[in-house]
Amino acid sequence: MRNYDVVIVGAGPGGIASAIECKKMGIQNIVLLEKTDNISGMMREYYKDGKRVDKDYKGQVVDLKGHIPFSDGNKESTLELFDKLLKENEVEVLLNNEVERVAKENSSFIVNTTNNDRFSAKYVIVGIGKMGKPNKPSYPLPTSLRKKINFNVNECVAGEEILVVGGGNSAVEYAIYLASITKTMLNYRKKEFTRINDENARELEKSLKNGLIPKFGIDIKSVSDVDSKFQVTFTDDSTATFDRIVYAIGGVAPVDFLKKCGVEVDASGIAQCNDCKESAVSNLFVVGDILFKNGGSIAIAMNDAHTISQTIKSRM
């Protein structure tokens, strides 16, 4: 396990600004974790080349309070600024590190990634954006049954026959829980689970003995609607019918992730925090567009990052 003063989750504008502001405040032992293979993934993927990036988003005039010289520009100049600042301030950035859970243990946090890496931190800043979303399978799914295609277990009920698809901790945890209340199959395309933690491995073994149906080392070939149920054809040419499918094949819906970390959200999915951007969990902070119902201002996120870093510095 690697130990840090601050772990920042998500390398979008809010996360990047938080890292820069912490460094400027003299907080050196920090790490920035990003699930994709580059920083500012949303901007890179969804902004067309040359798209304007305004400091005063939608006319909201923002007086910048921190150390980042952000001004009107475009996609390319903004990305260049972020890259430059991260390098100048020697921020440790770990790409392809998707955070699965943030849990508080005594006075510190344990941050777990889907790579099965663990980080310890005194403070955590969550800067994931609303554009984050669960991964979907490559094969087509029947639109007629879309309400019963899920990416968590919130809608699942006893009495349904459920298929859980995935090979990480979330998939295993979903399957273990569902098998305790209803008939459940867990499908993973590989024969062995290499990305789950030891506790889940032990619980999975128990659940398999107590009724969880395994379908390991076999992938799904197709899914179709037959009499309002899912008919799943596997690559070994076997078929099975289910009332519901739960996919846990990577990616995390922001609201689900926030709840898993203990961050409260309102009915609109907005993260709740105080004026210092601290959640109800002490020393767990939130920054970025998950604090807003519609859209998010980069400049406001930068000011919030400055506020957060000041708060952390005052507690060290």
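Strands β10 (residues 162-165) and β11 (residues 184-188) run parallel and are joined by 4 bridges. Two strands count as paired here if DSSP finds at least two bridges between them. Helices (H or I, at least four residues) and strands (E, at least two) are DSSP runs, numbered from the N terminus. This is a predicted model, in which local features need pLDDT of at least 70 and side-chain atom pairs count only at pLDDT 80 or more, while totals for chains, interfaces and linings use all residues. Residues are numbered from 1 along each chain as its sequence is written, and side-chain values use heavy atoms, with hydrogens and water left out.

Back to the strands. Within the β10 pairing, Val 165 sits opposite Asn 187 of β11. To get from β10 to β11, the chain passes through helix α4 (residues 169-179), making a right-handed β-α-β crossover. Right-handed means that, with the strands pointing away from the viewer, the path from the first strand over the helix to the second runs clockwise.

β11 also has β12 (residues 213-216) as a parallel partner, again over 4 bridges. Two residue pairs show how they line up: Leu 186 has Pro 214 in β12 as its bridge partner, and Met 185 stands opposite Ile 213. Here the link from β11 to β12 goes through helix α5 (residues 198-209), and this β-α-β crossover is right-handed too.

How many of the residues in β11 are buried? The count is 5 of 5, where buried means under 20% relative accessible area, exposed over 50%, and partly exposed in between (1.4 Å probe, protein chains only). In a regular strand the side chains alternate between the two faces of the sheet. In β11, Thr 184, Leu 186 and Tyr 188 lie on one side, Met 185 and Asn 187 lie on the other, and both faces are covered.

Helix α4 is mostly covered as well, with 8 of its 11 residues buried. Among them are Val 172, Tyr 174, Ile 176 and Leu 178. The cover over the buried residues of α4 includes β10, β11 and α5, along with β6 (99-105), β16 (244-247) and α6 (254-261).

Now for another helix pair. α1 (residues 13-24) and α7 (residues 298-315) pack at an angle of about 40 degrees, with axes 8 Å apart. Axes are lines fitted to C-alpha atoms, for helices over the stretch in contact, and angles run from 0 to 180 degrees between N-to-C directions. The crossing is right-handed, that is, the near helix is turned clockwise from the far one by less than a right angle. On the α1 side, the residues that meet α7 are Pro 13, Gly 14, Ala 17, Ser 18, Glu 21 and Cys 22. Their counterparts in α7 are Ile 298, Ala 301, Met 302, Ala 305, His 306 and Ser 309; contact means heavy atoms within 4.5 Å.

Just past α1, Met 25 is in the loop between α1 and β2. Leaving aside residues up to four places away in sequence, Met 25 touches His 67, His 306, Ser 309, Gln 310 and Lys 313. Ser 268 is another matter: Met 25 and Ser 268 are 243 residues apart in sequence and 34 Å apart in space, C-alpha to C-alpha.There's also a small sheet to look at. This open sheet of 3 strands has the order β13-β14-β15, with antiparallel pairing. β13 (220-226) and β15 (239-242) are the edge strands, each pairing on one side only. On average, neighbouring strands are turned by 25 degrees against each other, direction ignored. β14 (residues 229-234) pairs with β15 over 4 bridges, and Val 232 has Ala 240 in β15 as its bridge partner.

Finally, a look at backbone angles. Most residues other than glycine have a negative phi. The table gives two residues with positive values.

| Residue | Phi | Loop | Relative accessible area |
|---|---|---|---|
| Ser 40 | near 50 degrees | between β2 (30-33) and α2 (41-46) | 2%, buried |
| Asn 96 | near 55 degrees | between β5 (93-94) and β6 | 45%, partly exposed |
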